[in-house]
Amino acid sequence: SIRVRVETEILSYEETPAPTEVKNDGTHTLPEGAPLDLVPSTPACTVRTWRVYSDKFEREIYREQVGADSTYEQVVGIRIIP
């Protein structure tokens with residue numbers, strides 16, 4: 001029997017940006033006075049996705065690229081500080 005799986009290959013990866021720090025206006029409850037990451041920062045990256053066909057012993061038979069490479073923009077997070 002043929003098995004199919006999807007693999008994602010990271011082609012490029014940038015450093016995660018520092019979050020924007022915002023002073024707590026009392027709206028948020030911070031854990032014991034520690035900062036709270038309201039929105040996490042994520043790096044920009046470009047990925048390639050493959051559909052991989054293998055036999056019942058997981059030996060690869062064939063691989064094909066699924067669509068075009070995808071680029072994800074970075075997200076600068078928001079950190080609430082005391």
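# Briefing: an all-strand chain of 82 residues

Asp37 counts as partly exposed, at 44% relative accessibility. Here buried means under 20% relative accessible area, exposed means over 50%, and partly exposed lies in between (1.4 Å probe, protein chains only). The model is predicted: local features need pLDDT of at least 70, side-chain atom pairs count only at pLDDT 80 or more, and totals for chains, interfaces and linings use all residues. Residues are numbered from 1 along each chain as its sequence is written, and side-chain values use heavy atoms, with hydrogens and water left out.

**Fold and overall shape**

- The protein chain has seven strands and zero helices. Both are DSSP runs, numbered from the N terminus: helices are H or I with at least four residues, strands are E with at least two.
- Along the sequence, the pattern reads β-β-β-β-β-β-β.
- The radius of gyration of the protein chain is 20 Å, whereas a compact globule of 82 residues would be near 12 Å. The radius is taken over C-alpha atoms, and the globule rule is 2.2 Å times the number of residues to the power 0.38.
- Along the principal axes, the C-alpha atoms fill a box of roughly 60 × 25 × 15 Å.
- Glu32 and Glu60 illustrate the spread: they are 28 residues apart in sequence, yet their C-alpha atoms are 51 Å apart in space.

**Surface and contacts**

- Of the 82 residues in the protein chain, 17% are buried.
- The exposed surface is about 6000 Å², and carbon and sulfur atoms supply 53% of it. Areas come from the Shrake-Rupley method with a 1.4 Å probe; for residues, only the protein chains shown count as cover.
- Among contacts with a separation of 6 or more, 77% join residues 24 or more positions apart. A contact means heavy atoms within 4.5 Å.

**Two residues, buried and exposed**

- Ser54 sits in strand 4 (residues 45-54). Ser54 is buried, at 1% relative accessible area.
- Neighbours within four places aside, Ser54 contacts Ser1, Ile2, Arg3 and Arg5 as well as Arg59, Glu60 and Ile61.
- Glu32 lies in the loop between strand 2 (20-23) and strand 3 (36-39). Glu32 is exposed, at 85% relative accessibility.

**Salt bridges**

- Side chains of opposite charge can pair when their charged atoms come close.
- The structure holds eight salt bridges. Each is a side-chain nitrogen of Lys or Arg within 4 Å of a carboxyl oxygen of Asp or Glu.
- Glu58 bridges to Arg3, with the closest N and O atoms 3.3 Å apart. Glu58 is in the loop between strand 4 and strand 5 (60-65) and Arg3 is in strand 1 (residues 3-13), so the pair ties together parts 55 residues apart in sequence. Glu58 is partly exposed, at 44%, and Arg3 is partly exposed, at 40%.
- Asp37 bridges to Arg79, with the closest N and O atoms 2.6 Å apart. This pair links distant parts of the chain: Asp37 is in strand 3 and Arg79 in strand 7 (residues 78-81), 42 residues apart. Arg79 is partly exposed, at 24% relative accessibility.
- Arg48 and Asp69 meet through their side chains at 2.8 Å, N to O, in a salt bridge. Distant parts of the chain are linked again: Arg48 is in strand 4, and Asp69 is in the loop between strand 5 and strand 6 (70-72), 21 residues apart. Arg48 is partly exposed, at 23%, and Asp69 is partly exposed, at 31%.
- Arg5, Glu7, Glu60 and Arg63 are joined in a network of salt bridges.

**Aromatic rings**

- Rings of Phe, Tyr and Trp (its six-membered ring) pair if their centres lie within 6.5 Å; planes under 30 degrees apart are stacked, over 60 edge-to-face, and the rest tilted. The rule yields one aromatic pair.
- That pair is Tyr53 with Tyr62; it is tilted, at 5.9 Å centre to centre and 40 degrees between the planes. Tyr53 is partly exposed, with a relative accessible area of 21%. Tyr62 is also partly exposed, at 46%.
- The charged end of Arg63 sits over the Trp50 ring, 5.5 Å from its centre. The rule for a charge over a ring is NZ of Lys or CZ of Arg within 6 Å of the ring centre and within 35 degrees of the ring normal.
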